[in-house]
Amino acid sequence: MSQASGYAAQSAKTPLGPFSFDRREPGPNDVVIDIKFCGICHSDLHQARDEWGGGIFPMVPGHEIAGVVRAVGSAVTHFKVGDHVGVGCFVDSCRTCIECTAGDDNYCQKGITLTYNGLDKQGQPTYGGYSDHIVVDENYVLSIPENLPLDAASPLLCAGITLYSPLKHWGAGPGKRVAIVGLGGLGHMGVKLAHAMGAHVTVLSQTMKKADDAKKLGADEFYAMNDPETVKKLANSFDLIISTVGVSMDFTPYLAMLKKDSTMVLVGAPEGNSQLNSFGLIVNRKSLAGSMIGSIEETQEMLDFCGRHNIVSDIEVIKADYINEAYERMLKSDVRYRFVIDLASLKN
Ligand code: NAP
Ligand code: ZN
Ligand code: ZN
């Protein structure tokens, strides 16, 4: 066992604070990673405040982990000391079900082992990336291309793959009109990735505040949903809409902007139920779908794609003692566009 230091929520009602805990003794297939940076995902906030229920406390959040290999077990073949590596939302799966064997391990039928707020196969709680090191089986460790800086690459491990997977699955590319709803951590990665895939990209934001930023990120068009003309103007416009909004909402106005036979995909995961009027789907045979992160294989494919296209996140690097303030700012949509914790700040 090794002693780790990190930041944890002791309960759903308490702010995060310093926390010491044990990491398992590395086995032959394990990689020990010195965590350099960890992005703050809105899912961290949902879970630290137990908005989805079933939270395991104390909870050390963090699943956008970027670091450097400190040591490898005797059977590890893909990694060596000093490599730049990442860990995303899960650190194990059953490896034998139909989804795992098909390379869709994120949809493991027995359930993935979450990087934090989960139980490993020994029944021990998992602790995430708001910490100085982590021990992970090499099959769930990703290679981060050397040309990408570790701080700005860390959000690719969740925000990046969560948008890459549906963009690819639903065919974003040249000649396709894609709308991204919500320009936050996930949304801004969606803009960059969809643009790099060759799609025509529109951002649907609450207000016009982020319009200039969106163009710089690669958006072709930007509209505010608080303008009553937006939905009328954009009726029957999009081949694909991806919503990253993490609060309950009415999908009906968004569905009106889809073309016939097109799909709106939800990746935003609010605690409550949302609404829609069935006619929003019936007329013009539209679909409403969901998507959850991506497989290990697809995550590596996304990282390699980002390496080739030089895509990283726009970040604000913070010290660990700023996490609680960062959460409050995230709730106000005041992030440009991902908070990333510098774990060296744990030592101070
Ligand atoms: P974020 O950085 O807070 O971004 C969410 C964005 O949604 C905001 O920046 C804002 O964009 C928009 N928004 C906020 N409140 C809104 C409201 N009341 N009405 C309309 N739009 C609103 O969060 P994130 O880290 O990108 O995560 C977004 C959601 O995705 C969370 O629920 C998270 O748990 C979920 N998630 C899902 C997966 C998955 O696998 N499906 C993976 C990761 C995260 P504007 O300022 O542009 O309006
Ligand atoms: Zn996440
Ligand atoms: Zn499985």
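**Salt bridges, zinc sites and cores in a predicted model**

A search of the whole structure, which is a predicted model, finds 18 salt bridges.

Student: Which residue forms a salt bridge with Arg-95, and how far apart are the closest N and O atoms?

Tutor: Arg-95 lies in the loop between E6 and helix H2 (98-101), while its partner lies in strand E8, so the pair ties together parts that are 42 residues apart in sequence. The closest N and O atoms are 3.2 Å apart, and the partner is Asp-137.

Student: Is Asp-137 buried or partly exposed?

Tutor: A residue is buried when its relative accessible area is under 20%, and partly exposed when the value lies between that and 50%. Arg-95 has a relative accessible area of 33%, and is therefore partly exposed. Asp-137 has a relative accessibility of 11%, so Asp-137 is buried.

Student: Which residue forms a salt bridge with Arg-329?

Tutor: Arg-329 belongs to helix H11 (residues 323-331), and its partner belongs to strand E16 (residues 315-318), 13 residues apart. Arg-329 counts as buried because its relative accessibility is 18%, whereas the partner, at 26%, counts as partly exposed. The closest N and O atoms are 3.0 Å apart, and the partner is Glu-316.

Student: Which residues are joined into one network by salt bridges that share partners?

Tutor: Arg-95 and Asp-137 form a salt bridge with each other. Both belong to one network built from salt bridges with shared partners, and its members are Asp-92, Arg-95, Lys-121 and Asp-137.

Student: What is the geometry of the site of the zinc ion (ligand 3)?

Tutor: The protein donors of this ion are the SG atoms of Cys-94, Cys-97, Cys-100 and Cys-108, lying 2.3 to 2.4 Å from it. Four donors count as tetrahedral if all angles lie between 85 and 135 degrees. Here the angles among the 4 donor atoms are 103 to 117°, and the site is tetrahedral.

Student: How are the donor residues of the zinc ion (ligand 3) spaced in sequence?

Tutor: The donor residues are Cys-94, Cys-97, Cys-100 and Cys-108. Of these, Cys-94 and Cys-100 are buried. Along the chain, the spacing is C-x2-C-x2-C-x7-C.

Student: Which residues are the protein donors of the zinc ion (ligand 2)?

Tutor: In sequence these donor residues follow the spacing C-x21-H-x94-C. Two of them lie in separate loops, 22 residues apart: Cys-41 between strand E3 (30-39) and helix H1 (42-48), and His-63 between H1 and strand E4 (65-72). The donor atoms lie 2.0 to 2.2 Å from the ion, and the residues are Cys-41, His-63 and Cys-158.

Student: Why does His-63 count as buried?

Tutor: The cut-off for a buried residue is a relative accessible area under 20%. Cys-41 meets this at 2%. His-63 also counts as buried, because its relative accessibility is 6%.

Student: What kind of aromatic pair do Phe-90 and Tyr-140 form?

Tutor: The structure holds 6 aromatic pairs. In this pair the centres are 6.0 Å apart, with 65° between the planes. Planes over 60 degrees apart count as edge-to-face, and the pair is edge-to-face.

Student: How many residues are in the largest nonpolar core?

Tutor: Among the members touching the most others are Ile-40, Tyr-130 and Leu-193. The contacts of Leu-193 include Leu-163, Leu-167 and Phe-305. Another core, of 14 residues, lies apart from the largest one. The number of residues in the largest nonpolar core is 96.

Notes
Residues are numbered from 1 along each chain as its sequence is written. Chains are lettered from A and ligands numbered from 1 in the order in which they are written. This is a predicted model: local features need pLDDT of at least 70, side-chain atom pairs count only at pLDDT 80 or more; totals for chains, interfaces and linings use all residues. Side-chain values use heavy atoms; hydrogens and water are left out. A nonpolar core is a set of buried Ala, Val, Leu, Ile, Met, Phe, Trp, Tyr and Cys residues joined through side-chain atoms within 4.5 Å. Buried means under 20% relative accessible area, exposed over 50%, partly exposed in between (1.4 Å probe, protein chains only). Contact means heavy atoms within 4.5 Å. Donors are N, O and S atoms within 2.8 Å of the metal (3.2 Å for Na, K and Ca); water is not among the atoms, so sites may look incomplete. Four donors count as tetrahedral if all angles lie between 85 and 135 degrees; four count as square planar and six as octahedral if opposite donors are over 155 degrees apart and all others between 65 and 115; anything else is irregular. Rings of Phe, Tyr and Trp (its six-membered ring) pair if their centres lie within 6.5 Å; planes under 30 degrees apart count as stacked, over 60 as edge-to-face and the rest as tilted. Helices (H or I, at least four residues) and strands (E, at least two) are DSSP runs, numbered from the N terminus. A salt bridge is a side-chain nitrogen of Lys or Arg within 4 Å of a carboxyl oxygen of Asp or Glu. Lists of a residue's contacts leave out its neighbours within four places in sequence.
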